[in-house]
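Could you open the model in your viewer and get ready to make a few selections? We will go from one packed region to the next.

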Amino acid sequence: MVSGENKQLVDQLCELIASIDDPIEVKAFLEDLCSSSEINQMAQRVECAKLLLEGNTYNKIIAETEISSATLSRISRCTQHGSGGYSRTLAQFFGIKTYI
């Protein structure tokens, strides 16, 4: 959860991203905002969260994505005990019936 002096800025960023209707424009915005490494890491985390929500094992996910076990553990905690962002968004987008 974001708190403190940056909360307003983070809220503004979230509203800005939510206001972009075109995936091509979202990609252009992310390419200007983040490094290619940061974008790739976010994409990898989304894929790993998807695989977790589909019921895949840690070993299978690590083998398929080459993500670190520490990062996968954090993603798993977020899918189980986080704010629900991964679960709701990915279930809706990919049509996943969650197993977590």
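Start by selecting Q44, E47, C48, L51 and L52 in helix 3, which meet Y58, I61, E64 and T65 in helix 4; contact here means heavy atoms within 4.5 Å. This is a predicted model, in which local features need pLDDT of at least 70, side-chain atom pairs count only at pLDDT 80 or more, and totals for chains, interfaces and linings use all residues. Residues are numbered from 1 along each chain as its sequence is written, and side-chain values use heavy atoms, leaving out hydrogens and water.

Now show both helices whole: helix 3 (residues 36–53) and helix 4 (residues 58–65) pack at about 150°, with axes 10 Å apart. They are therefore roughly antiparallel (an angle over 145 degrees).

Next, keep helix 3 and add helix 5 (residues 69–81); their axes come within 10 Å and cross at roughly 60°. Here R45, C48, A49, L52 and L53 of helix 3 meet T71, L72, I75, S76 and T79 of helix 5.

Then move to F93 and F94. A search of the whole structure finds 1 aromatic pair: the ring centres of F93 and F94 are 4.9 Å apart with planes at 90°, so the pair is edge-to-face (centres within 6.5 Å, planes over 60 degrees apart). F93 is exposed, at 65% relative accessible area, while F94 is partly exposed, at 37% (exposed is over 50%, buried under 20%, partly exposed in between, with a 1.4 Å probe and protein chains only).

Finally, add K50: its charged end sits over the ring of F94, 5.2 Å from the centre (NZ of Lys within 6 Å of the ring centre and within 35 degrees of the ring normal).

Key:
Rings of Phe, Tyr and Trp (its six-membered ring) pair if their centres lie within 6.5 Å; planes under 30 degrees apart count as stacked, over 60 as edge-to-face and the rest as tilted. Axes are lines fitted to C-alpha atoms, for helices over the stretch in contact, and angles run from 0 to 180 degrees between N-to-C directions. Helices (H or I, at least four residues) and strands (E, at least two) are DSSP runs, numbered from the N terminus. Angles under 35 degrees count as roughly parallel, over 145 as roughly antiparallel, 65 to 115 as roughly perpendicular and the rest as oblique.
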